[in-house]
2 protein chains.
Amino acid sequence: MEELMKHISYELPAWLEKIEQERKDERFVTPQSRVLLTVELAKTNTKHGGGPFGAAIFDADGRIVSLGVNLVTASGFSLNHAEVVAIMAAQQKLKTYDLHPYNLELVASCEPCIMCHGATQWSGVRSLLFGATKDDAEAIGFDEGDKHTEWRALLEARGFKVTGPIEREAAAKVLFDYKESGGVIYNADGE
Amino acid sequence: MEELMKHISYELPAWLEKIEQERKDERFVTPQSRVLLTVELAKTNTKHGGGPFGAAIFDADGRIVSLGVNLVTASGFSLNHAEVVAIMAAQQKLKTYDLHPYNLELVASCEPCIMCHGATQWSGVRSLLFGATKDDAEAIGFDEGDKHTEWRALLEARGFKVTGPIEREAAAKVLFDYKESGGVIYNADGE
C-alpha cells in the first residue's frame, strides 16, 4: 500500500541560508544591487548543480526578506522556480499567504515565466524587478511559456510596479555560461 | 536572530489522504466522473474551512495518482491552489519534476487561473480537464488573473489536450454555495 503522505516538503540549500544570514543587515538600496544579488544567487546555484535563476524578496529599506533559487531538479518539483521559492520562503517566514501589508519587492535574475507571472500576482508583493529578459532565457532553450503579450501593462494596471531589464548583460551571462557549460535545460516536455 | 529555515513544508489534510486511500482502486473512466470527484473535494474542503476548489491527477486507466484542494489559507502559501497541490503531491509520490512519461491528466473543479495555467504546462501532465469556468469563479469575486486570451489554443498547440467545461453546473454550485455561506474570497491584494 502506498505510504500516507502527510506533508509536501522540500529543502532549501544550506549555502542559500548562509548567504541570507550573512547579509541580513545589509541594505540593497539601488535596483542594480538587488538584481546583482539575484544574479550571484543564480550563478552560485549553477555551481551546486541547479538551474541558472535566482530571486529575492526585499523590504522597503532594501533588506532581504527571503532568497530563492531554481530548485526544480534539486527538489523534484516543477513549480520550484526561483521566484516561487522566494515567495514561499517569505510567506513561511512571515506566516501569511498575503505579503501585501509588508510592502515588498520581488526581484528575479530573469523576467518571470508564465507561471511566475501569476505567482507574483497572487503573492501580495507590490513590485517586480528583473535582470535578463524572456528572450535571453529562450535563447538558451528554456521555455518561458505563453504569457499574455501585455503582461507588463496588465500587472501595472493592477497596481504593481514593474522594472526591468536591469543589469541585463550580467544577468544574461549566467544563462549563457550555464548553456556553454552543458547545463540541463529541464523543460517538462519529455524531451 | 532569525531561525534557520531549512525546509519549505505544508501539511495535506488527513481527510484528503483518507479519500485517496479509500478510492485508490477505483477507475474513474468518464470525464464526468473525474470532474465530479474534484467537485466533491472542493465541497469537502469548504466544510473544513478551505477554498472551494479541488483537483486530481489521474493515470490513463482513470486511477487516482494524487488529489489536491485549495490550501491557500490553511497552509499560508498563496501558491497552494488545488492544481498546484495535486501536481506537487504527484511529483513527490513519483519522485520526479516531470510527469510527462506517466501520461497523466490534471483535472480541476474550475478552469485554472493564470498561475495554474503555467504550472500545468511545466508539470508534464499531458491533458487538462475542468468543471466550472473562469467566469464562474469571477462571478463570486475570485480574481483569476490575466491569462493569455488564447490560452486554450496555445496549450493545445503545445500538445496538451484541453477539455471543459464539463459538469459545469455542479462545479459552479460549489462556488456559489461558498459565496452564499460567507466564504472568504482570499485574493492577495490587501483588500
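Q: Where does B:Pro165 lie?
A: In chain B, B:Pro165 sits in the loop between E6 and helix H8 (168-180). Helices (H or I, at least four residues) and strands (E, at least two) are DSSP runs, numbered from the N terminus.

Q: Before we go on, what kind of model is this, and how are residues and chains labelled?
A: It is a predicted model, where local features need pLDDT of at least 70, side-chain atom pairs count only at pLDDT 80 or more, and totals for chains, interfaces and linings use all residues. Residues are numbered from 1 along each chain as its sequence is written, while chains are lettered from A and ligands numbered from 1 in the order in which they are written.

Q: What does chain A average for pLDDT?
A: 94, and 95% of the residues in chain A score at least 70. pLDDT is the predictor's confidence in each residue, from 0 to 100. For the model, ipTM is 0.95 and pTM is 0.96.

Q: Back to that loop. Which residue joins B:Pro165 through a cis peptide bond?
A: B:Gly164, with omega at about -5 degrees. Most peptide bonds are trans.

Q: And in chain A, what joins A:Gly164 and A:Pro165?
A: A cis peptide bond, again with omega of about -5 degrees. A:Pro165 is in the loop between E6 and helix H8 (168-180) of chain A.

Q: What about the phi of A:Glu167?
A: Positive, about 55 degrees, although A:Glu167 is not a glycine. Most residues other than glycine have a negative phi. A:Glu167 belongs to the loop between E6 and H8 of chain A.

Q: Is A:Glu167 buried or exposed?
A: Buried, because A:Glu167 has 22 C-beta neighbours inside 10 Å. The cut-offs: buried if 20 or more other C-beta atoms lie within 10 Å of a residue's own, exposed if 12 or fewer, partly exposed in between, with C-beta atoms placed from the backbone.

Q: What is the phi of B:Glu167?
A: About 55 degrees, so to speak on the positive side, although B:Glu167 is not a glycine. B:Glu167 is in the loop between E6 and H8 of chain B. With 22 C-beta neighbours inside 10 Å, B:Glu167 counts as buried.

Q: New topic: the sheet in chain A. What is the strand order?
A: E3-E2-E4-E5-E6, an open sheet of 5 strands with mixed pairing. Two strands pair if DSSP finds at least two bridges between them.

Q: Which strands stand at the edges?
A: Strand E3 (64-69) and strand E6 (161-163) of chain A. Each has a single partner strand, so one side of each is left without a neighbour in the sheet. The twist averages 15 degrees from one strand to the next. Axes here are lines fitted to C-alpha atoms, for helices over the stretch in contact, and angles run from 0 to 180 degrees between N-to-C directions.

Q: Do E4(A) and E5(A) run parallel or antiparallel?
A: Parallel; 5 bridges join strand E4 (residues 105-110) to E5(A). A:Val107 has A:Leu129 as its bridge partner in E5(A).

Q: And E2(A) with E4(A), parallel or antiparallel?
A: Antiparallel, over 4 bridges, with E2 covering residues 54-58 of chain A. A:Ile57 has A:Leu106 as its bridge partner in E4(A).

Q: How many residues of strand E5 (residues 127-132) of chain A are buried?
A: 5 of the 6, so E5(A) is largely enclosed by the rest of the structure.

Q: Now the interface. How many residues of chain A are in contact with chain B?
A: 49 residues of chain A are in contact with 49 of chain B. Contact means C-beta atoms, placed from the backbone, within 7 Å.

Q: Which element of chain A supplies the largest share?
A: H5(A), with 8 residues.

Q: How do the chain A residues touching chain B divide?
A: Into 21 nonpolar, 17 polar and 11 charged. Ala, Val, Leu, Ile, Met, Phe, Trp, Tyr, Cys and Pro count as nonpolar, Asp, Glu, Lys and Arg as charged, and the others, Gly among them, as polar.

Q: What joins E1(A) to strand E1 (residues 7-11) of chain B?
A: 5 bridges, and the strands run antiparallel. A:Ser9 stands opposite B:Ser9.

Q: What turn lays chain A on chain B?
A: A turn of 180 degrees, with a shift of 0.0 Å along the axis and an RMSD of 0.0 Å. That is the relation of a two-fold axis. The superposition is by least squares on the C-alpha atoms of residues with pLDDT of at least 70 in both copies. The same surface serves both copies: 100% of the contact residues of chain A recur in chain B.

Notes:
Contact = placed C-beta atoms within 7 Å.
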